Amino acid sequence: MTTEPVERRSSARSTLAISCVATLLVLINFTAPVSTVQTVRAALGSGPSGQTWILGSISVGLAACLMVAGTLADDYGRKRMFVIGGALLVVSTVVCAVAPVTPVFVLGRIVQGAASAALLASSLGLLAHAFAPGPERARATGLWGAMVGGGIAIGPVFSALLGRATDWRVTYWVLAVLAALVMLWAARSLEESRSAHKRAFDLAGVLTLGAGITLLIAGLTEGRGGWGRPHVLVFLAAAVVLLAGFVVIEKRVAEPMLEPAFFKRPAFVASVVGALVTGMGVIGLMTYVPTAAQSMQGLSPLGSAGLLAFWSGLSFVAAPQARRFVARVGDRQQVAAGLALCGIGELALAGIGEESSWWRFVPGLVLAGLGSGVVNAALAGLAVRSVPAHRVAVGSAANNASRYLGSSLGVALVAAILALAPRGGGAAHEMSTGMSWAAVVSGCLAIAGAVLVALCRERTEPAGAAVPAPGPQVPESV
């Protein structure tokens, strides 16, 4: 009697545990400044632009590096990329903890984003290698998706509690220690996997995509202080040119970082569109909920973080349950249904004013939280099955890059709506009017995204079945 199946199951469980813990840590770190941004701003002497970068700088590293991290993980080793990402997260988090001025803190957050990109892309790739398509993979990706909601729920509360008890810098020291433990655990327990065929490194694609996304997010971030400023227009124009150049390069290079043929796959298009709309139509609005609650209802940073947990906490609860329906409702249909539910929940947030109770937020946040949980779980499974087995980290990277790019677009959209809100009646009234319009626009975006995903019909869509790649498959190497 062989012990290989037992050992393989044990290895798969370890991979699942490490991937989930790392994803939870990444999202806790991502949302940590949401509830303490005013404290960090005061400590570092930041101006309004500095506050914007304190919140948004990690998205630059994430969105710019995800595709590169996914490609390197598939070609050079998913475990290797995971451990490198963990080490980089430790170093960058220490930089944030000791930062004396805003530029140093922002630099640390950008590098944290790059490290998080390596962890997210490789972790989902590791799961796809460890679990064959079917119920077990659906369970694994559901748990992975739950960690996204869990991290968003925990991060603001975690940083607010530590900031109240000690100092905001302690949050980053604790996160650095946790990142070091995850890195050591991964180095000891994970098994290496990679594509058997190492592709040529697409340097031109890496440079144009990375620079294009960086300038786009920089333009969106700086644009919150005024869209007509010269450097904002330069950033956005340069981003458009570079991203257009990336498309041209990927069509011409022999081994592109992101194969244009993937966009002929309905499942891949649904994965990218679903993630982009999740970021733009859901995360963008939810980012402003704590600020709105503090301005309109006078909640404390901790109280507003707890309010946001109705959304993110229910997302954490709902994500693992989505696997129970995968045999009857495919992952693409789950993404569409989840986005529609998010849109309905956001529309329910319209009309909240300064005289409303904080309980008025709850029904909409509950609906959006349940929808987000379904979307997070289904998108994870859809991302890895929408590409060939030897490119699963790239599928994960494309999905996550779309999500975080979408969140930057969503935050910029909500900021623009708030800036256009009628003046007068006090700050609370202006916030109420602006958030109502933002809720309507975001809700309609989410519902429109649900329709687009639903239209990405596949010829056959068995739950959990891998979509065959055109041409010969490249086997995995362990």
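Guide: Before we start, a crossing of two helices is called right-handed if the near helix is turned clockwise from the far one by less than a right angle. Keep in mind that this is a predicted model.

Visitor: Which hand does the crossing of α3 and α5 have, and at what angle do their axes cross?

Guide: Let's take helix α3 (residues 48-76) and helix α5 (residues 102-130), whose axes come within 6 Å. The crossing where α3 passes α5 is right-handed. As for the angle, the axes cross at roughly 35 degrees.

Visitor: What kinds of residues make up the contact of α3 with α5, and how many are nonpolar?

Guide: There's one charged residue in that contact, along with nine polar ones. The nonpolar residues there number 17.

Visitor: How does the span of helix α4 fit the expected value?

Guide: Helix α4 covers residues 78-98, which is 21 residues. At 1.5 Å a residue, 30 Å is expected. From first C-alpha to last, α4 comes close to that, reaching 31 Å.

Visitor: Are Trp 168 and Tyr 172 buried or exposed, and what sort of aromatic pair do they form?

Guide: Both of them are buried. Their ring centres are 6.1 Å apart, with 80 degrees between the planes. Planes over 60 degrees apart count as edge-to-face, so the pair of Trp 168 and Tyr 172 is edge-to-face.

Visitor: Why are Trp 168 and Tyr 172 separated by about one helical turn, and which residue joins them in an aromatic cluster?

Guide: Both sit in helix α7 (residues 168-189), and the separation is about one helical turn because they are four residues apart. The aromatic cluster they belong to also includes Phe 105.

Terms used. Residues numbered from 1 in each chain as written. Predicted model: local features only at pLDDT ≥ 70, side-chain atom pairs only at ≥ 80, totals over all residues. Heavy atoms only, no water. Helix = DSSP H or I, 4+ residues; strand = E, 2+ residues; numbered from the N terminus. Expected span 1.5 Å × (residues − 1). Axes fitted to C-alpha atoms, helices over the stretch in contact; angles between N-to-C directions. Nonpolar A, V, L, I, M, F, W, Y, C, P; charged D, E, K, R; others polar. Phe/Tyr/Trp six-rings, centres within 6.5 Å; stacked < 30°, edge-to-face > 60°. Buried < 20%, exposed > 50% of the residue type's maximum accessible area, 1.4 Å probe, protein only.
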